[in-house]
Amino acid sequence: MSDSVLDRVKRVVAETLEIDAGSIDDAARFVEDLGAQSIQSVELVAAFEEEFDIDMDDDEALAVKTVDGAVEFIAAAVEKQHG
Amino acid sequence: MSVLARSFESAAQKQGTIVFPEGNDPRIIASAHRLATEQLARPIVLGKQDRVLAAAEEAGVDPSGITMFDPAESEELERYASTYRQGRTLKESIALRMVKKPLFFAGMMVACGDADTMVAGVSNATATVIQAGVLTVGFAEGIQTPSSFFLMVLPSTSDQDERCLVFADCAVNIDPSAEELADIAIASARSAAKLLSDPPRVAMLSLSTCGSASHPHVEKVTNALEIARSRDSSILIDGEFQADTALVAKVAAKKVKHASEVAGQANVLIFPTLDAGNIGYKLTQYLADAKAIGPFLQGFARPISDLSRGASVDDIVATSAVCLAQT
């Protein structure tokens with residue numbers, strides 16, 4: 001069975017922020033809990049676009065602050081662009 | 001000569017290259033057209049050709065003399081992506097994706113010397129422009145804080161000619177630490193040196209003058225002054241001063257007991273917080289009938305600017321000239 005969106009989001013976050021995927025809670029906040037510098041967030045968006053083969057509006061995507069928020073946002077984008 | 005007239009003259013002499021990443025906006029293509037026809041700069045407009053041409057039509061300008069292309073189709077993408085990820089662990093595919101974004105492509109043009117400055121912000125938030133600037137152009141030597149400044153032009157009076165001052169930071173850092181405030185002061189001194197006709201004299205503003213009040217807010221300013229002096233001893237900088245001490249020679253003579261080349265004759269005002277800076281520039285604008293030009297970004301290795309979303313063609317052309325004057 002392929003990885004869930006949540007697993008893939010966590011893997012991308014772990015790679016981009018260079019942290020352990022196992023340590024990421026579903027509700028973790030990128031900046032406060034995972035130590036993302038705000039400067040990295042735009043690269044995180046690009047990494048999600050790459051992983052899911054989607055385009056996201058930077059301003060809208062950057063408004064998402066948590067892992068589960070990202071899962072919901074990305075699932076909607078995937079559905080819209082590939083569904 | 002006014003600060004803007006000097007900037008236009010400097011731009012015309014330099015004939016620098018300006019990259020505009022927001023080519024879909026009619027104001028951008030109209031500004032690029034004016035810069036080119038008035039021989040102030042060589043503009044490059046980024047965007048998909050059909051969108052840029054539609055914007056040109058809406059603006060009522062002939063775009064034939066303006067260089068324009070879609071960054072996603074540029075032959076420079078791999079070179080920019082490779083430079084972008086230098087010294088970092090970023091995947092090549094992500095770097096490529098980043099530099100395809102017009103703001104980042106434009107930033108890489110500036111970083112790689114293919115353009116002298118980037119002018120953006122009509123359709124991107126300030127934070128987004130700053131983020132692209134930090135990740136592409138990077139900070140100026142010794143600076144780690146992006147900040148902004150306004151040029152405040154005070155009208156002439158019966159006993160004084162028109163004056164221009166630099167106010168910072170009035171738009172970016174809400175409550176800068178002492179370290180950040182020192183960065184703002186150093187960056188502002190450098191901006192002023194490029195734009196004002198007189199050498200910069202930097203006043204660190206406070207509610208206190210030379211220890212007249214004791215409070216952590218005052219301590220932050222005195223710490224910032226010490227840090228700025230230790231980082232760059234060439235800057236004429238002093239404080240902590242109340243605004244009247246910074247600006248009025250008679251007040252300075254009474255309140256400042258040490259020899260100061262800044263007290264009473266400051267032309268660069270560093271505010272302790274964004275509250276103070278933002279309120280200060282607007283009060284000066286409306287009560288003293290000053291012209292506020294900006295905000296301009298500063299602290300970057302090369303000049304880049306953040307336009308307001310409501311910027312007019314006149315604003316964009318003037319901003320471009322001020323950016324080029326700093327190159």
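Colleague: Let's start with chain B: at roughly what angle do the axes of α6(B) and α7(B) cross?

Modeller: The axes of helix α6 (residues 102–111) of chain B and of α7(B) cross at roughly 40 degrees and come within 9 Å. Axes here are lines fitted to C-alpha atoms, for helices over the stretch in contact, with angles running from 0 to 180 degrees between N-to-C directions. Helices (H or I, at least four residues) and strands (E, at least two) are DSSP runs, numbered from the N terminus. Keep in mind that this is a predicted model, in which local features need pLDDT of at least 70 and side-chain atom pairs count only at pLDDT 80 or more, while totals for chains, interfaces and linings use all residues. Residues are numbered from 1 along each chain as its sequence is written, and chains are lettered from A and ligands numbered from 1 in the order in which they are written.

Colleague: So are α6(B) and α7(B) parallel, perpendicular or oblique to each other?

Modeller: They are oblique, because of that crossing angle; under 35 degrees counts as roughly parallel, over 145 as roughly antiparallel, 65 to 115 as roughly perpendicular, and the rest as oblique. The crossing of α6(B) past α7(B) is right-handed, a term for a near helix turned clockwise from the far one by less than a right angle, with anticlockwise giving left-handed.

Colleague: Which residues of α6(B) and α7(B) meet?

Modeller: B:Leu103, B:Phe104, B:Gly107, B:Met108 and B:Ala111 come from α6(B), and they meet B:Thr128, B:Val129, B:Ala132, B:Gly133, B:Leu135 and B:Thr136 of α7(B); two residues are in contact if their C-beta atoms, placed from the backbone, lie within 7 Å. By class there are seven nonpolar, four polar and no charged residues in this contact, where Ala, Val, Leu, Ile, Met, Phe, Trp, Tyr, Cys and Pro count as nonpolar, Asp, Glu, Lys and Arg as charged, and the others, Gly among them, as polar.

Colleague: And what about α4(B) and α5(B), at roughly what angle do they cross?

Modeller: Helix α4 (residues 77–84) and helix α5 (residues 92–100) of chain B cross at roughly 115 degrees, with axes that come within 8 Å, and therefore they are roughly perpendicular to each other. From α4(B) the contact takes B:Leu77, B:Tyr80, B:Ala81 and B:Tyr84, and from α5(B) it takes B:Glu92, B:Ala95, B:Leu96, B:Met98, B:Val99 and B:Lys100. Eight of these residues are nonpolar, none polar and two charged.

Colleague: Where does chain A come in?

Modeller: The contact between the chains takes ten residues from chain A and eleven from chain B. On the chain B side, α5 and α7 (126–136) each supply at least two residues, and that side divides into six nonpolar, four polar and one charged.

Colleague: Switching to sheets: what is the strand order in the open sheet of chain B?

Modeller: The order is β3-β2-β1-β4-β11, five strands with parallel pairing; two strands pair if DSSP finds at least two bridges between them. The edges are β3 (67–69) and β11 (304–306) of chain B, each of which pairs on one side only, and the twist from one strand to the next averages 20 degrees. Helix α2 (residues 26–37) of chain B packs on this sheet, where it touches β1 (17–20) and β2 (42–46), and its direction makes about 160 degrees with that of β2(B).

Colleague: How many bridges join β4(B) to β11(B)?

Modeller: Three bridges join strand β4 (residues 117–120) of chain B to β11(B), and the two run parallel; B:Met118 has B:Ile304 of β11(B) as its bridge partner.

Colleague: How is chain B divided into domains?

Modeller: Domain 1 is 3–138 + 301–325 and domain 2 is 147–294, with bounds that come from an automatic or database domain assignment. Their C-alpha centres lie 31 Å apart, and the contact takes six residues from domain 1 of chain B and seven from domain 2 of chain B. On the domain 1 side, α1 (3–14) and α13 (313–325) of chain B are the elements that give two or more residues.

Colleague: Last one: where are the cis peptide bonds of B:Asp169 and B:Pro295?

Modeller: One joins B:Ala168 and B:Asp169, with omega about -15 degrees, and B:Asp169 is in the loop between β6 (163–168) and α8 (178–195) of chain B. The other runs from B:Gly294 to B:Pro295 with omega near 5 degrees, and B:Pro295 lies in strand β10 (residues 291–298) of chain B.
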